[in-house]
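Open the model in your viewer and keep the sequence panel beside it. The tour moves from one selection to the next, with a short account of what is found at each stop.

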Amino acid sequence: MANGIQANLGEVRAAIAAAAVAAGRPADAVQLVAVSKTHPAEAVAEAYAAGQRLFGENRVQELAEKAPLLPGDIAWHLIGHLQTNKVRAAVVSAAVIHSVDSERLLRRIDAVAGELGKRQAILLQANVANEATKTGADMAELPALLELALALPNVDCRGFMTMAPLAAEGAELRGLFAALRRFRDAQAARLGVALPVLSMGMSGDFREAIAEGATWVRIGTAIFGTR
Ligand SMILES: *Cc1c(COP(=O)(O)O)cnc(C)c1O
């Protein structure tokens with residue numbers, strides 16, 4: 001983008017705070033995960049210099065290559081689909097895994113985290129629009145998956161993540177984000193637990209997500225430019 005990463009970051013932060021305030025929420029209610037996938041370590045370093053500490057990557061291998069080149073106080077968020085054979089590398093590198101969508105994956109993360117002496121923070125990824133082609137667990141499967149996540153000793157389930165369909169906009173888009181918030185509220189009440197995190201909203205739809213309760217937004221293009 002013509003502006004440069006630091007200027008973009010400033011604009012995105014201001015837009016996030018404005019969207020929160022417009023929704024009657026505190027200006028700092030929403031945290032930014034800067035999605036640096038496909039961009040080099042130098043781009044991450046530029047955002048880091050402007051105070052950014054949460055970064056998102058899609059692929060475990062890219063994360064494992066980039067993380068050692070950058071400061072150790074970065075919290076890396078794995079946001080892309082995770083295969084069970086890559087779980088070890090993910091648990092080693094990721095502060096949070098957003099994309100947990102099956103019992104098999106959940107049990108594998110728990111086992112590896114236990115071996116590594118870590119309690120792995122995770123989110124359960126919800127296929128909120130029930131798209132046939134999308135990753136994420138079906139809404140009907142999520143209550144059981146959540147119960148398992150809460151029972152496993154080495155995972156710390158903080159809440160939910162979703163990606164809205166690319167084509168969704170306006171009232172439909174907000175409705176999808178609102179559905180996940182209501183689902184979270186209902187499950188938190190049913191199980192008597194706090195599930196504080198809703199990871200929803202990207203460059204094109206973060207305002208709608210914040211209006212409906214997002215606590216983490218995952219923004220790449222608006223900060224780093226097109227991929
Ligand atoms: C790439 C990606 C993002 C960021 O998308 P932008 O449109 O570039 O902001 C967010 N979430 C996930 C899961 C992604 O893969």
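Helices (H or I, at least four residues) and strands (E, at least two) are DSSP runs, numbered from the N terminus. With that in mind, select Asp73, which is found in the loop between helix H3 (60-66) and strand S3 (75-78). This is a predicted model, in which local features need pLDDT of at least 70 and side-chain atom pairs count only at pLDDT 80 or more, while totals for chains, interfaces and linings use all residues. Residues are numbered from 1 along each chain as its sequence is written, and side-chain values use heavy atoms, with hydrogens and water left out.

Stay with Asp73 for a moment: at 45% relative accessibility it counts as partly exposed, where buried means under 20% relative accessible area, exposed over 50%, and partly exposed in between (1.4 Å probe, protein chains only). If you add Ile5 to the selection, you will find that the C-alpha atoms of Asp73 and Ile5 are separated by 20 Å, the two residues being 68 apart along the chain.

Next, select the ligand, which sits in the largest pocket. On a 1 Å grid over the protein atoms alone, a pocket is an open set of points with protein on both sides within 12 Å along at least five of seven lines, and a molecule sits in it if more than half of its atoms lie within 2 Å of its grid points.

Which residues come nearest to the ligand? Of the 13 residues around it (each with a heavy atom within 4 Å), those that come nearest are Lys37, Ser203, Gly220, Thr221 and Arg227. The shell divides into six nonpolar, four polar and three charged residues; here Ala, Val, Leu, Ile, Met, Phe, Trp, Tyr, Cys and Pro count as nonpolar, Asp, Glu, Lys and Arg as charged, and the others, Gly among them, as polar.

Now show the side chains of three residues in turn, looking for polar contacts (pairs of N or O atoms within 3.5 Å). An N or O atom in the side chain of Lys37 is 2.7 Å from an oxygen atom of the ligand, a polar side-chain atom of Asn58 lies 2.9 Å from a ligand oxygen, and for a polar side-chain atom of Thr221 the distance to an oxygen atom of the ligand is 2.6 Å. Of the 390 Å² of accessible area that the ligand has on its own, the protein covers 91%, with areas taken from the Shrake-Rupley method with a 1.4 Å probe.

From here, go to Thr38, in the loop between strand S1 (31-35) and helix H2 (41-49). Most residues other than glycine have a negative phi. Thr38, although not a glycine, has a positive phi of about 75°, and with a relative accessible area of 53% Thr38 is exposed.

A further stop is Asn130, found in the loop between strand S5 (120-127) and strand S6 (137-138). Asn130 has a positive phi of about 50° without being a glycine, and its relative accessible area of 47% makes it partly exposed.

Finally, select Leu198 in strand S8 (residues 197-199). Is Leu198 buried or exposed? Leu198 counts as buried, because its relative accessibility is 0%. Add Thr215, 17 residues away along the chain, and the C-alpha atoms of the pair are separated by 5.2 Å.

Note on methods
Polar contact = N/O pair within 3.5 Å; in protein donor to acceptor, adjacent residues only side chain to side chain. 1 Å grid on protein atoms, 1.4 Å probe; cavity = no way out; pocket = protein on both sides within 12 Å on 5 of 7 lines; lining within 4 Å.
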